[in-house]
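Please open the model in your viewer and keep the selection tool at hand. The stops below move from a metal site to a strand and then to the nonpolar interior.

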Amino acid sequence: MTGKHWGYGKDDGPSIWHQNFPVAEGDRQSPIDIMPQQASHDPNLGPIVLNYDHCTSLNICNNGHSVVVEFDDTDDRSVILGGPLDNPYRLKQFHFHWGGKGCHGSEHTVEGNSYASELHLVHWNAVKYRSFGEAASAPDGLAVLGIFLETGDDHRWLHTITDALYMVKYKASVTDFKGFNPKCLLPSSLHYWTYLGSLTTPPLHESVTWIVLKEPIAVSERQASFECSCSLGRKRIRGYAWKITSGPPSLSKAGKYAPPIN
Ligand SMILES: CCc1c(F)c(F)c(S(N)(=O)=O)c(F)c1F
Ligand SMILES: [Zn+2]
């Protein structure tokens, strides 16, 4: 079965995805606008741990929507654990949502502000599910670590990726990309916000535990300029190690206030 077409244009963009992907109208859709003042501190949330030591990167490919670096996920060499997660989740791939010249390409926003780009490190629950595909449609199947990219100094490690982009300029092109450790893309602080959400592009499965790092990484203007892909949603979130705020009731999807969830 060939996948249904979707894009970011007027005729195939986020506002009509619900026609082919009705879950777009669901109640845990991503991305969201993160309102730090409304994030409540959850003392049970510990730090996240990233065991990416044995580089398991395989290749870099252009799937027509983003540039994806894929990993060998046949064992637990590269995993994320801790934080809101009940067990380790295996690193499957990472990809970017880029901005064009001056366009802000991040999917999540913070108090309505978007960043130049957003990096998503995608992990799946191999303890409970037998394949990525099965996990991708299960409510606790995926954990995606989101990292904001803001323009500033040149990012010394991002070059290896942007240089490889020229090899995968056209859709469906793939090239070797071995020995890359995504730990070099992390900011100094792993403080995060977390909430239960979804894939941000079709099929929009509500299967993602989102872990969004508060601290962005800096990349140069040139490194951050790719075609624009933006889509917005809204939802409530929790934060880690933030002071407890009583905060207003949670924003519902329609933006109308719903009674606070106790
Ligand atoms: C099933 C393929 C897929 C997506 F379509 C997707 F949108 C994302 S995202 N932007 O939420 O991180 C994934 F992680 C992912 F694995
Ligand atoms: Zn993504």
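Select His120 in this predicted model, which at 2% relative accessibility counts as buried, because buried means under 20% relative accessible area, exposed over 50% and partly exposed in between (1.4 Å probe, protein chains only). Add His95, which counts as buried at 12% relative accessibility.

Before going on, note that residues are numbered from 1 along each chain as its sequence is written, and that chains are lettered from A and ligands numbered from 1 in the order in which they are written. Local features need pLDDT of at least 70 and side-chain atom pairs count only at pLDDT 80 or more, while totals for chains, interfaces and linings use all residues, and side-chain values use heavy atoms, with hydrogens and water left out.

Next, show the zinc ion (ligand 2), which is coordinated at 2.0 Å by His95 (NE2), His97 (NE2) and His120 (ND1); donors are N, O and S atoms within 2.8 Å of the metal (3.2 Å for Na, K and Ca), and sites may look incomplete, as water is not among the atoms. The angles among the 4 donor atoms are 99 to 115°, and the site is tetrahedral, a label given to four donors if all angles lie between 85 and 135 degrees. The donor residues follow the spacing H-x1-H-x22-H in sequence. His95 lies in strand E7 and His120 in strand E9, so this pair ties together parts that are 25 residues apart in sequence; helices (H or I, at least four residues) and strands (E, at least two) are DSSP runs, numbered from the N terminus.

Now select strand E13 (208–213), where 6 of 6 residues are buried. Val208, Trp210 and Val212 point one way, and Thr209, Ile211 and Leu213 the other way. In a regular strand the side chains alternate between the two faces of the sheet.

Which strands pair with E13? E10 does so in the parallel sense over 5 bridges, with Ile211 as the bridge partner of Leu145, whereas strand E12 (residues 192–197) runs antiparallel to E13 and is joined to it by 6 bridges, Trp193 being partnered with Val212. Pairing requires at least two DSSP bridges between two strands.

Finally, colour the largest nonpolar core, of 37 residues, in which Ile60, Phe94, Leu145 and Ile161 touch the most other members; such a core is a set of buried Ala, Val, Leu, Ile, Met, Phe, Trp, Tyr and Cys residues joined through side-chain atoms within 4.5 Å. Apart from this core lies another, of 20 residues, among them Ile32, Ala135, Leu199 and Val212.

Definitions and conventions:
Four donors count as tetrahedral if all angles lie between 85 and 135 degrees; four count as square planar and six as octahedral if opposite donors are over 155 degrees apart and all others between 65 and 115; anything else is irregular.
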